[in-house]
Amino acid sequence: MRPINELARPNIIKIASSYRDNEGKRCNILLDRNENPYNRPYNRYPDVSDIKEIKKEIAHYRHIDPLSICVGNGCTELTDLLLRCFCKSGKDNVVSIRPTWETYKQLAVMNDVEYREVLLDEKFETTAEKIIEACDENTKIILLCSPNNPTGNRLDDNELMTLADIFDGLVVVDESYADFARRKTLRPKLNEYKGLVILDTMSTSMAGAGIRFGMVYADKEIISVLEAVSKYFPVNVLTKGFAIETLRDQFETEKRINTILAERERVMEAFTQLPCCKKVFPSEANFFLANMDDTETAYCRLKKNGIAVKRIDNTIEGQKQQFLRITIGTKIENNQLLAVLRQM
């Protein structure tokens, strides 16, 4: 990885330096922020210095150094934060894959950062070589989702580690769905690769999409840059309380994960028996991708019956394809889904 002063935007480095200089200067009587002195703890603006408790819980849950953790209001905000801190508008670029989570491209466009895509093959895979070929001297971030959304497959760990080894910028791996995967997370590799950054969330396996809480795991230098900016929009007090509660109830989280995994296998197997389904792709997430005989008809039939699924468009070797991405719901919801499709 390049030195942090070369990798991050110069104006962000100045903010980070100022933030570090002011760390540790805490007062007991706060009369500087125009807050109401009553109704504690909700009367105070949230502050990065107030999140030590939740970092401790995350560190215990994920086996990570608390100093290597930055938290924010979901992975969307944290991805945006990475782009704003490390990519110069109108100059730098980020390299990702297609198909993947469409929000990556939207965030790049909003930040005036060029977004480059490497097409996945027919198995929804790629290589480190193809990704590096798409990079140039202005590529600051390689952004990959694994397991990938919407394809459901986990990208090859060896290819990801090759990228982390040879790329001199940040290799950001979004592991939002990793708790549903058979293979292990890349978190233990953080100590080996200084440029490796991992995104995590409470939205999926921890069933907390409504609280909007996400985590970044990275080298302490990277975290210090991110936190210097994230202090202006830290997580709120209510979210922090719910997040701590969730992290302490690992048994309930594991129970939900196992239930979803069992339902995923059952529903995927049922899809292979549907006359209207041509192919079901392997998945290591809480969803799967299905190639239908008539995707548009299936989508509209489900919607007419009050069932929402995601329609995915993709192009492989010049041929347009359409898929349905099915999120695993409760057993009752999944049965209703299958009942509608069996009538086609």
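**Loops, helix packing and aromatic pairs in a predicted model**

Asn39 lies in the loop between helix 2 and helix 3. The model under discussion is predicted, and this loop is a convenient place to enter it. The phi angle of Asn39 is near 70°, a positive value in a residue other than glycine. With a relative accessibility of 55%, Asn39 counts as exposed, because the threshold for that class is over 50%. The loop between helix 2 (10–22) and helix 3 (52–62) also holds Pro41. Arg40 and Pro41 are joined by a cis peptide bond, for which omega is about 5°.

These backbone features merit attention because most residues other than glycine have a negative phi, and most peptide bonds are trans. A second cis peptide bond may be inspected between Arg98 and Pro99, where omega is about 0°. Pro99 is placed in the loop between strand 2 and helix 5 (103–110). Positive phi also recurs: for His63, a residue other than glycine, phi is near 60°. His63 belongs to the loop between helix 3 and strand 1 (69–72). Its relative accessible area is 72%, and His63 is therefore exposed.

Further along the chain, Lys88 occupies the loop between helix 4 (74–86) and strand 2 (93–98). Lys88 counts as partly exposed because its relative accessibility is 29%, a value between the limits of 20% and 50%. Leaving aside residues up to four places away in sequence, Lys88 touches Arg9 and Pro10. Between Lys88 and Leu78 the C-alpha to C-alpha separation is 17 Å in space, and the two are ten residues apart in sequence.

Attention may now pass to the packing of helices. Two packed helices are described by the angle between their axes and the distance between the axes. Helix 4 packs with helix 8 (residues 220–230) at an angle of about 105°, the axes being 10 Å apart. Helix 4 and helix 8 are therefore roughly perpendicular to each other, since angles of 65 to 115 degrees fall in that class. From helix 4, the contact draws on Leu81, Leu82, Arg84, Cys85 and Phe86, and from helix 8 on Ile222, Val225, Leu226, Val229 and Ser230. Sorted by class, the contact of helix 4 with helix 8 comprises eight nonpolar residues, one polar and one charged.

Helix 10 and helix 12 (residues 331–342) provide another packing arrangement: their axes come within 11 Å and cross at roughly 5°. These two helices are therefore roughly parallel to each other, because the angle is under 35 degrees. Helix 10 contributes Glu263, Arg266, Val267, Ala270 and Phe271 to the contact, while helix 12 contributes Lys331, Asn334, Asn335, Leu337, Leu338, Leu341 and Arg342. The residues of this contact comprise six nonpolar, two polar and four charged.

Phe271, one of the contact residues of helix 10, leads on to the aromatic pairs. A pair of aromatic rings is described by the distance of the centres and the angle of the planes. With ring centres within 6.5 Å as the criterion, the count comes to six aromatic pairs. In one of them, the ring centres of Phe271 and Phe288 are 5.0 Å apart and the planes stand at 80°, so the pair is edge-to-face. This pair links distant parts of the chain, joining Phe271 in helix 10 (residues 250–272) to Phe288 in strand 9 (residues 287–292), 17 residues apart. Both Phe271 and Phe288 are buried.

Phe281 and Phe323 also form an edge-to-face pair, with 5.5 Å from centre to centre and 80° between the planes. Here too distant parts of the chain are linked: Phe281 is in the loop between strand 8 (277–280) and strand 9, Phe323 is in strand 11 (residues 319–327), and 42 residues separate them. Phe281 and Phe323 are both buried. Together with Phe124, Phe281 and Phe323 form one aromatic cluster.

Aromatic rings also meet charged side chains in this model. The charged end of Arg311 sits over the ring of Tyr299, at 4.0 Å from the ring centre. Arg325 lies over the face of Phe287, 5.7 Å from the centre of that ring.

Terms used: Residues numbered from 1 in each chain as written. Heavy atoms only, no water. Phe/Tyr/Trp six-rings, centres within 6.5 Å; stacked < 30°, edge-to-face > 60°. Helix = DSSP H or I, 4+ residues; strand = E, 2+ residues; numbered from the N terminus. Buried < 20%, exposed > 50% of the residue type's maximum accessible area, 1.4 Å probe, protein only. Lys NZ or Arg CZ within 6 Å of the ring centre and 35° of its normal. Axes fitted to C-alpha atoms, helices over the stretch in contact; angles between N-to-C directions. Parallel < 35°, antiparallel > 145°, perpendicular 65-115°, else oblique. Contact = heavy atoms within 4.5 Å. Nonpolar A, V, L, I, M, F, W, Y, C, P; charged D, E, K, R; others polar.
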